[in-house]
Amino acid sequence: MESVLEFLKYNCSYEERKKDIENYLNKKKSYKTLNLVVASTTLNFSKNVYTIVPGGMATSGGRDTISGDGTVLFGYEPTATIEQEIEEDGYEHKKSIYDFVFPTDKENSISLNEFPSFAIFFDTKTENYYIKDFNMGIGALMKVKKFKIENNTLINVGANYLVVCIEKDKIIVKIFNNSILENNGQEDKKFITKEFKILKKDFTLTIGRNKKSDIYIEDMMMSKVQSTIKYVYKENSFYLFDGNIQKESMNGTWIYILNPVLITDNFVFKAEHTLFVVNVVHNK
């Protein structure tokens with residue numbers, strides 16, 4: 001757990017973190033809770049709604065029912081199936097290292113990571129919940145309408161992943177899609193690169209399956225104009241918009257959650273073929 005706190009940029013020990021949560025709950029008569037709704041999935045979950053409180057997962061099937069450390073860890077349990085079989089044979093069942101365990105089977109469990117894929121955690125200073133990916137395999141991505149792009153931002157549109165690199169007077173986009181590489185006779189490469197010079201203040205870049213798009217991708221899961229990248233001269237910043245700015249796309253534009261992101265009401269994110277919608281509840 002100490003390593004998890006380091007990833008979340010908490011400069012404290014695990015015991016200090018638990019004490020902070022305990023003090024907060026002792027002072028507060030009311031606080032926010034989250035209802036994590038499984039909106040759609042290809043996996044076999046035992047329930048559709050999971051409740052998160054400042055102390056952790058209130059409806060856990062993994063670690064302690066309420067761990068009290070203010071952190072909910074998401075991941076696959078590599079040995080969950082094996083441990084269950086041992087328990088049925090009369091041996092002691094080992095405690096899970098996760099709060100939210102993605103369903104899997106014994107055949108696939110042997111190759112899964114033994115570190116959380118992402119986490120939702122509570123901050124006692126801001127009294128808000130945040131989400132962060134750990135870059136450990138599953139990948140948590142959030143749906144965005146407008147997003148300020150940082151260097152090496154990872155974007156997901158349809159079946160494609162794009163990495164945006166920003167330099168002084170140009171923007172470079174790396175496109176990861178096996179079918180695109182094959183169609184361009186570049187099967188031996190991992191991605192293709194497109195480079196654009198920033199020559200004017202109202203620079204915009206369109207991404208979609210319209211052949212007139214600056215970045216054309218033949219993918220029926222994408223809209224004609226799936227996303228737009230716009231340079232705002234006054235801020236010297238790039239922004240990513242879903243759709244053509246005025247009209248949103250059909251399947252959305254998604255951003256990899258590299259840095260902690262504030263969870264607001266109706267926050268939408270996806271991980272491992274599962275779409276989640278988060279409802280913020282103000283308890284009194």
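## A salt bridge between Asp169 and Lys197

Let's start with two charged side chains: Asp169 and Lys197 meet in a salt bridge, with 3.6 Å from N to O. This pair links distant parts of the chain, since Asp169 sits in the loop between β11 (160-166) and β12 (170-176) while Lys197 belongs to strand β13, 28 residues apart. Please keep in mind as you look around that this is a predicted model.

How exposed are the two partners, Asp169 and Lys197? Asp169 has a relative accessible area of 37%, so it is partly exposed. Lys197 is partly exposed too, because its relative accessibility is 47%. Close by in the numbering there is also a network: salt bridges that share partners join Glu167, Lys170 and Glu195.

## More salt bridges

How many salt bridges does the count come to? The count comes to 5 salt bridges. One of the links in the network is the salt bridge between Glu167 and Lys170, whose closest N and O atoms are 3.6 Å apart. Glu167, at 40% relative accessibility, is partly exposed. Lys170 counts as buried, because its value is 16% and the cut-off for buried is under 20%.

Another pair to find is Glu248 and Lys145, whose side chains meet in a salt bridge of 3.6 Å, N to O. Which parts of the chain does this pair tie together? Glu248 lies in the loop between β17 (237-242) and β18 (253-256), and Lys145 lies in the loop between β8 (141-144) and β9 (146-148), so the pair ties together parts that are 103 residues apart in sequence. Lys145 is exposed at 58% relative accessibility, because exposed means over 50%. Glu248 is partly exposed, at 43%.

## The sheet of 11 strands

Now look for an open sheet of 11 strands with antiparallel pairing. Its order is β3-β2-β1-β21-β20-β8-β18-β10-β11-β12-β13. Which strands are at the edges? They are β3 (56-57) and β13 (192-197), and each pairs on one side only. At the β3 end, 2 bridges join β3 to strand β2 (residues 49-53), and the two run antiparallel. As an example, the bridge partner of Val53 is Gly56 in β3.

At the other edge, Lys194 lies in strand β13. Lys194 is partly exposed, because its relative accessible area is 30%. Lys194 and Ile215 are 21 residues apart in sequence, and their C-alpha atoms are 7.9 Å apart in space.

Another lysine of this sheet is Lys270, which has its place in strand β20 (residues 267-271). With a relative accessible area of 22%, Lys270 is partly exposed. What separates the C-alpha atoms of Lys270 and Met142 in space? The separation is 6.5 Å, although the two residues are 128 residues apart along the chain.

## The sheet of 5 strands

There is also an open sheet of 5 strands, in the order β5-β4-β6-β7-β19, and its pairing is mixed. The edge strands are β5 (100-101) and β19 (261-262), each pairing on one side only.

Inside this order, strand β6 (residues 118-123) and strand β7 (residues 128-133) run antiparallel and are joined by 6 bridges. To see the pairing up close, find Phe121, which stands opposite Tyr130 in β7.

## Strands β14, β16 and β17

Next, turn to strand β14 (residues 204-208) and strand β16 (residues 227-232), which pair in the antiparallel sense over 4 bridges. Here Ile207 has Ser227 in β16 as its bridge partner.

Strand β16 also runs antiparallel to β17, joined by 6 bridges. Tyr231 stands opposite Phe238 in β17. Which residue takes a positive phi in the hairpin of β16 and β17? It is Asn236, with a phi near 55°, and the hairpin has 4 residues between the strands.

## A negative patch

Finally, look at the surface, where Glu2, Glu6, Glu15 and Glu16 form a negative patch. Helices α1 (2-7) and α2 (14-27) each supply at least two residues of the patch. Glu2 lies in helix α1, and Glu2 counts as partly exposed because its relative accessibility is 40%.

Definitions and conventions: Residues numbered from 1 in each chain as written. Predicted model: local features only at pLDDT ≥ 70, side-chain atom pairs only at ≥ 80, totals over all residues. Heavy atoms only, no water. Pairing = 2+ DSSP bridges. Patch = residues over 30% accessible without salt bridge, like charges linked within 9 Å, V, L, I, M, F, W, Y side chains within 5 Å. Areas by Shrake-Rupley, 256 points an atom, 1.4 Å probe, with all protein chains shown as cover. Salt bridge = Lys/Arg side-chain N within 4 Å of Asp/Glu carboxyl O. Lys, Arg positive; Asp, Glu negative; His and termini not counted. Charge placed at Lys NZ, Arg CZ, Asp CG, Glu CD. Buried < 20%, exposed > 50% of the residue type's maximum accessible area, 1.4 Å probe, protein only.
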